[in-house]
Amino acid sequence: MTPTYEPITNPAAVSKAEQIINKSQQRARDIVLKEGPPSAEKSALAVRLAKRYEHEGNLDAAVEIIESYDKQLRSAGQFVQAASLWSRMSPEGMVRAATRYGEKY
């Protein structure tokens with residue numbers, strides 16, 4: 001069996017991303033490069049903007065967008081992993097952790 005990847009599309013987010021890019025590529029760039037939580041709209045904006053830059057031959061700008069958003073997505077993924085670790089702790093472990101944090105701060 002060959003693994004496949006089926007992209008999830010969000011037509012509303014893609015449409016909104018195109019509107020922002022068409023109105024102002026600089027504004028779109030600023031939104032993507034700004035640190036913050038990922039969203040469907042921001043993801044669509046990053047992909048569409050990188051493709052636009054690539055189509056225009058501005059490969060440096062396309063790479064900058066992808067690298068920046070990649071970093072943001074990795075941070076979000078690390079947060080999810082950390083949260084899943086907390087959810088696996090016993091009640092006793094949670095009390096111990098809370099006590100340690102309280103003593104630390």
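Glu64 counts as partly exposed, at 31% relative accessibility, and its place in this predicted model is in helix H4. From there Glu64 forms a salt bridge with Arg29, a residue of helix H2. Elsewhere, Glu18, Arg48 and Arg52 are joined into one network by salt bridges that share partners. Alongside these charged pairs, the notes below visit the largest nonpolar core, helix H4, and two buried polar residues, Gln72 and Lys42.

**Glu64 and Arg29**

- The closest N and O atoms of the Glu64–Arg29 salt bridge are 3.0 Å apart.
- Seen as a polar contact, the two side chains of Glu64 and Arg29 are joined at 3.0 Å.
- Their C-alpha atoms are separated by 9.7 Å, with the two positions 35 residues apart along the chain counted as their separation.
- Because Glu64 lies in helix H4 and Arg29 in helix H2, the pair ties together parts that are 35 residues apart in sequence.
- Arg29 is partly exposed as well, with a relative accessible area of 22%.
- Not counting residues up to four places away in sequence, Glu64 touches Arg29 and Leu33.

**The network around Glu18**

- Side chains of opposite charge can pair when their charged atoms come close.
- The count of salt bridges in the model comes to four.
- One of them brings together the side chains of Glu18 and Arg48, at 3.3 Å from N to O.
- Glu18 lies in helix H1 and Arg48 in helix H3, so this pair ties together parts that are 30 residues apart in sequence.
- Arg52 also forms a salt bridge with Glu18, and here the closest N and O atoms are 3.3 Å apart.
- Arg52 lies in helix H3 and Glu18 in helix H1, so this second pair ties together parts that are 34 residues apart in sequence.
- The three members of the network are partly exposed: Glu18 has a relative accessibility of 24%, Arg48 has 32%, and Arg52 has 23%.

**The largest nonpolar core**

- In soluble globular proteins, nonpolar side chains tend to be buried together.
- Here the largest nonpolar core has 16 residues, and those touching the most other members are Ala28, Val32, Leu45, Leu49, Tyr53 and Ile65.
- Two or more residues come from each of helix H1 (11–23), helix H2 (25–33), H3 and helix H4 (59–87).
- H3 gives the most to this core, with six residues.
- Val32 is in contact with Leu45 and Ile65, and also with Lys42, Ala46, Ser68, Tyr69 and Gln72, leaving aside its neighbours within four places in sequence.

**Helix H4**

- The 29 residues of H4 should span 42 Å at 1.5 Å a residue, and the end C-alpha atoms are 42 Å apart, which agrees.
- Ala61, Ala62, Ile65, Ser68, Tyr69 and Gln72 are the buried residues of H4.
- H2 and H3 are among the parts that cover these buried residues.

**Gln72, a buried polar residue**

- Gln72 has its place in helix H4 and counts as buried, at 2% relative accessibility.
- The side chain of Gln72 reaches the backbone oxygen of Val32 at 2.8 Å.
- Beyond residues up to four places away in sequence, Gln72 touches Val32, Leu33, Lys34, Glu35, Gly36 and Lys42.

**Lys42, buried without a salt bridge**

- Lys42 is found in helix H3, which covers residues 40–55.
- Although buried, Lys42 has no salt bridge, and Glu35, the nearest side chain of opposite charge, is 7.0 Å away.
- A polar atom of the Lys42 side chain does lie 2.6 Å from the backbone oxygen of Lys34.
- Leaving aside neighbours within four places in sequence, the contacts of Lys42 are Ile31, Val32, Lys34, Glu35, Gly36, Pro37, Tyr69 and Gln72.
- Val32 is worth a second look here: Val32 is in contact with both Lys42 and Gln72, and the backbone oxygen of Val32 is what the Gln72 side chain reaches.

Key. Residues are numbered from 1 along each chain as its sequence is written. This is a predicted model: local features need pLDDT of at least 70, side-chain atom pairs count only at pLDDT 80 or more; totals for chains, interfaces and linings use all residues. Side-chain values use heavy atoms; hydrogens and water are left out. Helices (H or I, at least four residues) and strands (E, at least two) are DSSP runs, numbered from the N terminus. Buried means under 20% relative accessible area, exposed over 50%, partly exposed in between (1.4 Å probe, protein chains only). Lys and Arg count as positive and Asp and Glu as negative; His and the chain ends are not counted. A polar contact is a pair of N or O atoms within 3.5 Å; within protein, one must be able to donate a hydrogen and the other to accept it, and residues adjacent in sequence count only if both atoms are side-chain atoms. Contact means heavy atoms within 4.5 Å. A nonpolar core is a set of buried Ala, Val, Leu, Ile, Met, Phe, Trp, Tyr and Cys residues joined through side-chain atoms within 4.5 Å. The expected span of a helix is 1.5 Å times one less than its number of residues.
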